[in-house]
Amino acid sequence: MMDSTAEPANAWTSTSPEQTRGIGAECVRAWSHTEVVALAGPLGSGKTTFVKGVIEELGGDPEGVRSPTYTLLQRYDEFSPTVVHVDLYRTETAEAQETVGLSEYFGEGLVLVEWAGRWELGWPPGTQTLRFEHQDPSVRNITLFEGSPEDLPEFEGSGADAAGR
């Protein structure tokens, strides 16, 4: 586990959904075509809004982006890179996670994983983690770390605590 004083690679404060989408756009311009990014944070912290910004920057309609809470995985093949948006909120066991097939997409496109703290099957080298936190009801702190969620200290809404671990 990474020391709780781990230095972030980047950090932003967002006071609106538009700013959060702008941060998503900024990030996707800097990422490679085969990036794996863990999105960790409590409900309503901006994870899906961030993904909307990524899709918008790639030329898509952000209003068409929904968190794949029930479908678990949404693949956007029309973009370069292909974007794979995953939501692990409903996967509480390693067996349930295997059915998602997430690891098959590692290295095949831009993989964005909501509720990443629940993933138990191992992250590929080079995974980055975006941590979303409520500062207050209208302000979000978004912090980018080099490393997977298992390398970071626990925090409210990381996914591990929500999964009962």
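**Exercise 1. Which residue forms a salt bridge with E56, and how far apart are the closest N and O atoms?**

Keep in mind that you're working with a predicted model.

Step 1. Look around E56 for a positive partner: R21 makes the salt bridge, and the closest N and O atoms are 3.3 Å apart. A salt bridge needs that nitrogen and oxygen to be within 4 Å, so the pair qualifies.

Step 2. Now place the two residues. R21 belongs to helix 1, while E56 belongs to helix 2 (residues 47-57). They sit 35 residues apart, so this pair links distant parts of the chain.

Step 3. Check how open E56 is. Its relative accessibility is 37%, so E56 counts as partly exposed.

**Exercise 2. Find the salt bridge between R21 and E63, then work out which residues share one network.**

Step 1. R21 also pairs with E63, again as a salt bridge, with the closest N and O atoms 3.3 Å apart.

Step 2. This pair, too, ties distant parts of the chain together: R21 is in helix 1, and E63 is in the loop between helix 2 and strand 3 (73-76), 42 residues apart.

Step 3. What about exposure? E63 has a relative accessible area of 43%, so it is partly exposed.

Step 4. For contrast in location, try R75 and D77, whose salt bridge has its closest N and O atoms 2.4 Å apart. R75 is partly exposed at 36% relative accessible area, and D77 is partly exposed at 47%.

Step 5. Put the shared partners together: R21, E56 and E63 are joined into one network by their salt bridges. The total for the model is five salt bridges.

**Exercise 3. Take E35 and work out where it is, whether it is buried or exposed, and what it touches.**

Step 1. Locate E35: you'll find it in the loop between helix 1 (17-30) and strand 2 (36-40).

Step 2. Check burial and charge. E35 is buried, yet it has no salt bridge. The nearest side chain of opposite charge is R29, 14 Å away. The cut-off for a salt bridge is 4 Å, so a gap like that rules one out.

Step 3. Look for polar partners instead. The side chains of E35 and Q128 share a polar contact of 2.8 Å. A polar atom of the E35 side chain also lies 3.2 Å from the backbone nitrogen of S32.

Step 4. List the neighbours. Leaving out residues up to four places away in sequence, E35 touches G109, L110, V111, G126 and Q128.

Key. Residues numbered from 1 in each chain as written. Predicted model: local features only at pLDDT ≥ 70, side-chain atom pairs only at ≥ 80, totals over all residues. Heavy atoms only, no water. Helix = DSSP H or I, 4+ residues; strand = E, 2+ residues; numbered from the N terminus. Buried < 20%, exposed > 50% of the residue type's maximum accessible area, 1.4 Å probe, protein only. Lys, Arg positive; Asp, Glu negative; His and termini not counted. Polar contact = N/O pair within 3.5 Å; in protein donor to acceptor, adjacent residues only side chain to side chain. Contact = heavy atoms within 4.5 Å.
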